[in-house]
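Please look over the chain below before reading on. The report that follows moves from the chain as a whole to a few of its parts.

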Amino acid sequence: MFGQTTTPTPPTTDRGLEDLDAAALAYAARIEGLPPERRQEARDDLVRFALPFAGRLARRYRGRGEPLEDLEQVARLGLVNAVDRYDPERGSFTAYAAITIVGEIKRHFRDRTWGVHVPRRLRDLILEVGQATATLTSELSRAPTVAELSARLETPEEEILAALESAAGYSPASLNAPVGGESSAEFGDLVGESDHALESVDDRVTVSGLLHRLPWRERRILAMRFYGNQTQAEIAARFGISQMHVSRLLSRALTWLRQAMLADAPPPWQNGAAEAEPGRARISVKQNGDRVVVEVGGEVDRAGADQLRRAVLQAVTGQPREVVVDLVGAGGFDAGGIAALMAGREAAARTGVPLRLTRVQPAVRRSLTAAGLPAAD
């Protein structure tokens, strides 16, 4: 057992700063010679006695954007640090506690109350700019300019501007703040977002113009593959050609588009040997007694439309008993091909020669129906 000694106890009433110093001296005498585990009670007594003093210091900083409860909590933390570090030989406890508590509060404002991270150098400059602004406003009877603040603080104007802009980071506006009035909109609803698709606008416009330079068949295949998400096998079945042929057509069209995108002037579209493949429009005219059969195969695009028009008009002007346009091998018609058939129908109507479209593929039938051209089975 430790021997009991009679030591001063903290005053029970708050009679001013002298009582706080007396309480601190009593605390120092009380814990002298006590083991660490028995000093806690004396420490708690002094902290409770000094809490009103810490609260008064915290209330000096209210109204600066921080809740008073938070400031009081920070002040109490500073008080505990002051009690733990107190040394009676260094002077008044009241002065030491005041410095420690106020320093803790200022540190809280410096490090914890900013809405966004701002470097400490800028935070210190913001305080200086604020003080200089108040002084110059009083002297000039107006708000000072950046140049005047720069001259007063002997700091470059760029840093003054950076400090003024960074000051907004202390208490940024909430994105959930209401816009005002009776509207339910929030401030965040008015903030735009970066549209990354804007970077590809030029490319999209350029490609759109180049696509119109391609033959109808290639345009249609590109649309079905990249906009309709159809497989090469589905496209081949739609056009009545092989999947390998579709692959070659896609490769040739994409190669031309890449070259045209990189060139100042688009290169001419070269049909080349590829037009001799099954996709090429094939027109043949056969005489069967007093009936003329115009057989159409492949893809009737702009190049094949003129050939088809000439073949149908020549067949009609011969005054046969009937003109039959056999479309069993036709895989597709562009606007020119449809126009050629309509020109043939008008010529047949003028001459009184019946004209019949037969054996039409489903894909072609839809195009003919949309153009008002009836087709027989």
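## The chain as a whole

Two residues are said to be in contact when heavy atoms of theirs lie within 4.5 Å. With that meaning in mind, and remembering that this is a predicted model, one can ask how the contacts are spread along the sequence: of the contacts in the chain with a separation of 6 or more, 57% are between residues 24 or more positions apart.

The chain contains 14 helices and 4 strands. Of its 377 residues, 35% count as buried, and its accessible surface comes to about 22900 Å², of which carbon and sulfur atoms contribute 52%.

## Helix 12 and its two sides

Helix 12 runs through residues 302–317 and so has 16 residues, and the distance from its first C-alpha to its last is 23 Å, which is close to the 22 Å expected at 1.5 Å a residue. Which residues of helix 12 are buried? They are G304, A305, L308, A311, V312, A315 and V316, and because they cover an arc of only 135 degrees around the axis, they lie on the same side of helix 12. A general rule helps in reading such a list: an α-helix has 3.6 residues a turn, so residues three or four places apart point the same way.

The face of helix 12 turned away from the buried side carries exposed residues, namely R302, R310, Q314 and T317. As for the buried residues of helix 12, what covers them includes strand 1 (282–288), strand 2 (291–300) and strand 3 (322–333), together with helix 13 (335–351) and strand 4 (355–358).

## The hairpin of strand 1 and strand 2

Two of the elements that help to cover helix 12, strand 1 and strand 2, also pair with each other in the antiparallel sense, over 7 bridges. Within this pairing, I283 stands opposite V296 in strand 2. The hairpin has 2 residues between the strands, and in this hairpin G289 takes a positive phi near 70 degrees.

## Positive phi outside glycine

Which sign does phi take in Q319, a residue other than glycine? The value is positive, near 55 degrees, and Q319 is found just after helix 12, in the loop between helix 12 and strand 3.

N229 is another residue other than glycine with a positive phi, and here too the value is near 55 degrees. N229 belongs to the loop between helix 9 (216–226) and helix 10 (232–239), and with a relative accessible area of 62% N229 is exposed, since a residue counts as exposed over 50%.

## An aromatic pair and a residue of helix 1

How many aromatic pairs does a search of the whole structure find? The search finds 1, formed by Y86 and F93, whose ring centres are 5.0 Å apart and whose planes stand at 80 degrees, so the pair is edge-to-face. Both Y86 and F93 are buried.

Y86 appears again when one turns to A28, a residue of helix 1 (residues 17–31): leaving aside its neighbours within four places in sequence, A28 is in contact with Y86 and P88. A28 can also be placed relative to R39, which is 11 residues apart from A28 along the chain, for the C-alpha atoms of A28 and R39 are separated by 10.0 Å.

Technical notes. Residues numbered from 1 in each chain as written. Predicted model: local features only at pLDDT ≥ 70, side-chain atom pairs only at ≥ 80, totals over all residues. Heavy atoms only, no water. Expected span 1.5 Å × (residues − 1). Buried < 20%, exposed > 50% of the residue type's maximum accessible area, 1.4 Å probe, protein only. Arc of directions from axis to C-beta. Areas by Shrake-Rupley, 256 points an atom, 1.4 Å probe, with all protein chains shown as cover. Pairing = 2+ DSSP bridges. Phe/Tyr/Trp six-rings, centres within 6.5 Å; stacked < 30°, edge-to-face > 60°.
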